[in-house]
Amino acid sequence: MKTTNKKYALTAALQAGAAHEFALIKSRRQFKHEASGKTPYKPGSIGPSVVATAISKAFHGVILNRSERKRLAKIDGKPFQKFYAQG
């Protein structure tokens, strides 16, 4: 299509650019996420974790952090026992 009028050519170019930007915006839009199927958290329902109970059982009711447990294992000459939440 040949345009003889510069005003029409400018309008066509501006509309083409706007159409291109609009198409990009529409193609990159994010859709809403589905609602989570997990049960909602109720305060006070978690309790002590598996790791915390295992540590307190191994160290006679005291919960020590990792560096303290490593230091005690080094002093006693025992290998450092790792506690895992899974399995």
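Biologist: In this predicted model, what is the count of buried residues among the 22 residues of α1?

Modeller: A residue is buried under 20% relative accessible area. Helix α1 has 22 residues and is hardly covered. Its count of buried residues is zero.

Biologist: What span should helix α1 have, and how far apart are its end C-alpha atoms?

Modeller: Helix α1 covers residues 6-27. At 1.5 Å a residue, its 22 residues should span 32 Å. The distance between its end C-alpha atoms agrees with this, at 32 Å.

Biologist: Which residue caps the N-terminal end of α1?

Modeller: The contact joins a side-chain oxygen to the backbone nitrogen of lysine 7, at 3.1 Å. The residue that supplies this oxygen is asparagine 5.

Biologist: Which residue forms a salt bridge with arginine 71?

Modeller: The structure holds one salt bridge. Its closest N and O atoms are 2.9 Å apart, and a salt bridge requires a distance within 4 Å. The partner lies three residues away in helix α3 (residues 66-76), about one helical turn from arginine 71. That partner is glutamate 68.

Biologist: How accessible are arginine 71 and glutamate 68?

Modeller: Partly exposed residues lie between the limits of 20% and 50% relative accessible area. Arginine 71 falls in this class at 41%. Glutamate 68 is also partly exposed, at 31%.

Biologist: Over the ring of which residue does the charged end of lysine 70 sit?

Modeller: The distance from the charged end of lysine 70 to the ring centre is 5.7 Å, and the cut-off is within 6 Å. The ring belongs to phenylalanine 80.

Notes
Residues are numbered from 1 along each chain as its sequence is written. This is a predicted model: local features need pLDDT of at least 70, side-chain atom pairs count only at pLDDT 80 or more; totals for chains, interfaces and linings use all residues. Side-chain values use heavy atoms; hydrogens and water are left out. A charge sits over a ring if NZ of Lys or CZ of Arg is within 6 Å of the ring centre and within 35 degrees of the ring normal. A salt bridge is a side-chain nitrogen of Lys or Arg within 4 Å of a carboxyl oxygen of Asp or Glu. Helices (H or I, at least four residues) and strands (E, at least two) are DSSP runs, numbered from the N terminus. Buried means under 20% relative accessible area, exposed over 50%, partly exposed in between (1.4 Å probe, protein chains only). The expected span of a helix is 1.5 Å times one less than its number of residues. A polar contact is a pair of N or O atoms within 3.5 Å; within protein, one must be able to donate a hydrogen and the other to accept it, and residues adjacent in sequence count only if both atoms are side-chain atoms.
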